[in-house]
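Please open the model in your viewer and keep the selection tool at hand. The tour below goes from stop to stop, naming what to select and then saying what is found there.

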Amino acid sequence: MENKQSSSPASFVDSTVVPGDVVLDLSSMTSQTIKLGGGLRQDCDAISAMKAGTLRFSKPNKYWIESSQKRYVPCVEDTILGIVVDSKADNFLIDIKGPAMGFLPVLAFEGGTRRNIPKFEVGTLLYLRVVKANFGMNPELSCTDASGKAAEFGPLKDGYMFETSTGLSRKLLSSPTCPVLEALGKKLSFEIAVGLNGRVWLYDLMDSLVVVLLRETKK
């Protein structure tokens, strides 16, 4: 199959691509710095698709391929929901709904030192950021933002967690606000954390109603 070529980055944005399609030509973007998200691979000056889906772009400079799948493929800077499955001397092992367990260093917290190592029971739900995601290696996670601050990351207590497709997760995080969440926000007061790995956490006195309405978006 002949690869698609284009000197304009915008020409493929929001279009369907398949593995092997060349979606970006870096030789024509010499004055720009871009970030590659999931589903894209760099080979010299060519950025190619590694999976079928829709090429997306977010300002200022990030590209990725959006598709709906059950298994999550980790990508650097993704925000996800992970479940603690074991603890070691130097890190926690985290189920991230991917092909391999993630590991969370015991110092990957704001102000983390050997004297204040957090203690998490097996089954604890955490809101995390992917720091490293190299092929063939367990993804490295963190409970801080890029500046080292805790921000919103950390354990999620109470509430209810359910799993969905990665495609629905991205829709819930879309900008402008997902219509379902916007409508619910006018009627109910609730907290929500959405992971790009297809997990959603909700906390509300009427969370059973919220869950039912969110699940309707799958139909």
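Begin by selecting Glu 77, which at 39% relative accessibility counts as partly exposed, a class that lies between buried (under 20% relative accessible area) and exposed (over 50%), calculated with a 1.4 Å probe and protein chains only. What you are looking at is a predicted model, in which local features need pLDDT of at least 70 and side-chain atom pairs count only at pLDDT 80 or more, while totals for chains, interfaces and linings use all residues. Residues are numbered from 1 along each chain as its sequence is written, and side-chain values use heavy atoms, with hydrogens and water left out.

**The partner of Glu 77**

Now add Arg 129 to the selection: its side chain and that of Glu 77 meet in a salt bridge, at 3.0 Å from N to O. The term stands for a side-chain nitrogen of Lys or Arg within 4 Å of a carboxyl oxygen of Asp or Glu. This pair links distant parts of the chain, since Arg 129 belongs to strand β11 (residues 125-132) and Glu 77 to the loop between β7 (62-66) and β8 (79-87), 52 residues apart. Strands (E, at least two residues) and helices (H or I, at least four) are DSSP runs, numbered from the N terminus. Arg 129 counts as buried, because its relative accessibility is 9%.

**Other salt bridges**

How many salt bridges does the count come to? The count comes to seven, and a further one to select is the pair Lys 88 and Asp 86, whose side chains meet at 3.3 Å, N to O. Lys 88 is partly exposed, with a relative accessible area of 46%, and Asp 86 is partly exposed as well, with 30%. Select next Asp 95, Glu 163 and Arg 199, which are joined into one network by salt bridges that share partners. Then move to Lys 132 and Glu 140, where the side chains meet in a salt bridge at 3.9 Å, N to O; Lys 132 is partly exposed, at 46% relative accessible area.

**Around Asp 86 and Asn 91**

Return to Asp 86, which has its place in strand β8. Leaving aside residues up to four places away in sequence, Asp 86 touches Phe 92 and Leu 93, where a contact means heavy atoms within 4.5 Å. If you also select Gly 123, you will find it 37 residues from Asp 86 in sequence and 8.8 Å away in space, C-alpha to C-alpha.

From there go to Asn 91, which is found in strand β9 and is buried, with a relative accessible area of 19%. Which residues does Asn 91 touch, not counting those up to four places away in sequence? They are Phe 103, Leu 104, Pro 105 and Val 106.

**The nonpolar cores**

Select Ile 94, Leu 104, Leu 128 and Leu 141 together: these have the most contacts inside the largest nonpolar core, which has 24 residues. Such a core is a set of buried Ala, Val, Leu, Ile, Met, Phe, Trp, Tyr and Cys residues joined through side-chain atoms within 4.5 Å. Strands β8, β9 (91-95) and β11 each supply at least two residues of this core, and its largest share, five residues, comes from β11. Stay on Leu 141 for a moment, because the residues it touches, beyond those up to four places away in sequence, include Ile 80, Ile 94, Phe 103, Leu 128 and Arg 129.

Another core, of 13 residues, lies apart from this one, and among its members are Val 13, Val 23, Met 29 and Leu 40.

**The cysteines**

Select Cys 44 and Cys 75, of which Cys 44 counts as exposed at 64% relative accessibility, whereas Cys 75 is buried, with 9%. With a disulfide taken as a pair of cysteine sulfur atoms within 2.5 Å, the count of disulfides comes to zero.

**The whole chain**

Finally, show the whole chain, which has three helices and 16 strands. Of its 219 residues, 42% count as buried. Among contacts between residues at least 6 apart in sequence, 58% join residues at least 24 apart.

Colouring by pLDDT, the predictor's confidence in each residue from 0 to 100, gives a last view: the chain averages 82, and 88% of the residues score at least 70. Over residues 1-7 the pLDDT is below 50, and beyond near neighbours in sequence this stretch has 15 contacts in the model.
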